[in-house]
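Work through the exercises below with the sequence and the model open. Each task is followed by a solution in steps.

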Amino acid sequence: MIQRGVVTAQMRAKLVTAAVAAMLSACVATACGAPKSATSSSPSPSPPAPAKPSSPIALTILDGGGDLKGGGQAAIDAFVKANPDLVSGVTYQTAAATDVTGKIKAQQLGGSVSISLVVGGPDVFGAAQAQHALLQQLPAQASSLPELSAIQDSGRAAYQAMSDGYGVLINYDQNGPFVDYNAATVKAADVPTTPQALLDWAKAHPGRFAYADPDNSGSGRAFIEALPYMLGDSNPADPVNGWSKTWAYLEQLGHYIHSYPTSSTILAQQFGTGQLDVIPTVISHDISFRKSSTYPANTGIALFADQNWISDGHYAMIPAGVDAQTLYVDLKLESYLVSAQAQALRLTTGVLTTAAQDVTIENSGPAATAFVQKWGRPDFYPTALAKGTVRTPLMPANLTQAFSLWQRNVGSKVGG
């Protein structure tokens, strides 16, 4: 990448970044996650009208959720190859979800936005939108995008609606949670598939069940978000006032858990080496960890009796402050990313569903079919995905509250 500016400009950029980081840290400390928080910056000005560039432009794509590895980069590369008149090249960047907003705001406060497009999940979207770092694409840019209602069923449409128009859904996964178990030590008939059965099993087998810290684990997050539905809590969308049964259950379950791994990867390693016998999981983990041989190939799998799927997905988001030419290309790129051709590229990366309801394993070519036949449990998932109820995850601000409550009331009392 070409280095621009001089020493004083670099120093100024560092100071801006530090100021933004301090501002965001203060925001987190005071739980200001809502879009109308008093500490949020003022709304960004109206975006320019998209204008086709007269010559190809360079794009910078920032990934805050692992989307590039999930077929996103392959799709973007295909777009670039097919549109040499629009794009001269792409620089890919990755960042932790918690760092994305700071990177965008530093550029915005510096008066020059070089990040063209951001991809990531609701955690990325929530923090960035709360700080007015994103351009609201819908309905303002609807004429430049496909008709999303034509490719989204109710589950996908609900996930799209979570973004309030600040993102375009480009990856969708029915996700989980469900149960993976060690078939060498746990009989299929003994697998716990209700919250009470899981509690009883954990009590009888202390230290043999665990889930990872929800703040850094998709499977841990899905597990705690599904429990309010399975336990009949008063308001599954409100972890503060509506999860009384869930918090009581998790505290009780914690008596029989020896540790909460800090990530899904560590949980998978513990399970794969026989330290754990039963864990909650999600589709991408069940597939990818067996493919990598982290899990035994014969790992057992079971749905919960009252199966609630907490869906997952990624959005494409445009930073406020991009110029008219970048906006034009971004909208063309997003339109391609939801196309059947681009969505099919995701079906060999560990997911079984796409952001376009009509793009399926059956119509996405031999590579997708072969992948699923080898790793996608064709004797389980087609039936399993048709069962249960699909739920949208918590809104970002509520999810942050859930993480805080979990750490305070559950995670800090491991084995207690």
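**Exercise 1: the open sheet**

Asp-180 stands opposite Ile-301 in S7. The model is a predicted one.

Task: Determine how many bridges join strand S5 to S7, and the order in which the strands of the sheet lie.

Solution.
- Step 1. Strand S5 spans residues 178–181, and three bridges join it to S7. S5 and S7 run antiparallel.
- Step 2. The open sheet has three strands, ordered S6-S5-S7, with antiparallel pairing.
- Step 3. Strand S6 (278–281) and strand S7 (300–302) are the edge strands, each pairing on one side only.
- Step 4. On average, neighbouring strands of this sheet are turned by 30° against each other, direction ignored.

**Exercise 2: the helix across the sheet**

Task: Find which residues of H9 are buried, and explain why they are on the same side of the helix.

Solution.
- Step 1. Helix H9 covers residues 264–272 and lies across S5 and S6. The angle at which H9 runs to S6 is about 145°.
- Step 2. The buried residues in H9 are Ser-264, Leu-267, Ala-268, Gln-270 and Phe-271.
- Step 3. Because these residues cover an arc of only 165° around the axis, they are on the same side of H9.
- Step 4. An α-helix has 3.6 residues a turn, so residues three or four places apart point the same way.
- Step 5. The cover over the buried residues of H9 includes the strands S5 and S6, along with helix H7 (218–231) and helix H10 (283–291).
- Step 6. After H9 comes Gly-274, with a positive phi near 85°.

**Exercise 3: a salt bridge between two loops**

Task: State which residue forms a salt bridge with Asp-277, and whether Asp-277 is buried or exposed.

Solution.
- Step 1. The structure has five salt bridges. One of them pairs Asp-277 with Arg-208, with the closest N and O atoms 3.0 Å apart.
- Step 2. This pair links distant parts of the chain, the two residues being 69 residues apart. Asp-277 is in the loop between H9 and S6, while Arg-208 is in the loop between helix H6 (195–204) and H7.
- Step 3. The relative accessible area of Asp-277 is 8%, so Asp-277 is buried, the cut-off being under 20%.
- Step 4. Arg-208 has 25% relative accessibility and therefore counts as partly exposed.

**Exercise 4: a network of salt bridges**

Task: Identify which residues are joined with Asp-286 into one network by salt bridges that share partners.

Solution.
- Step 1. A salt bridge connects the side chains of Arg-290 and Asp-286, at 3.3 Å from N to O. Both residues belong to helix H10 and are four residues apart, about one turn of the helix.
- Step 2. Asp-286 also forms a salt bridge with Arg-377, where the closest N and O atoms are 2.9 Å apart.
- Step 3. The pair of Arg-377 and Asp-286 links distant parts of the chain, 91 residues apart. Arg-377 is in the loop between helix H13 (366–375) and helix H14 (381–384), and Asp-286 is in helix H10.
- Step 4. Salt bridges with shared partners thus place Asp-286, Arg-290 and Arg-377 in one network.
- Step 5. Each partner is checked for burial in turn. Asp-286 counts as buried at 0% relative accessibility. Arg-290 is buried at 7%. Arg-377 is buried, with a relative accessible area of 12%.

Methods: Residues are numbered from 1 along each chain as its sequence is written. This is a predicted model: local features need pLDDT of at least 70, side-chain atom pairs count only at pLDDT 80 or more; totals for chains, interfaces and linings use all residues. Side-chain values use heavy atoms; hydrogens and water are left out. Two strands pair if DSSP finds at least two bridges between them. Axes are lines fitted to C-alpha atoms, for helices over the stretch in contact, and angles run from 0 to 180 degrees between N-to-C directions. Contact means heavy atoms within 4.5 Å. Buried means under 20% relative accessible area, exposed over 50%, partly exposed in between (1.4 Å probe, protein chains only). The arc is that of the directions from the helix axis to the C-beta atoms. A salt bridge is a side-chain nitrogen of Lys or Arg within 4 Å of a carboxyl oxygen of Asp or Glu.
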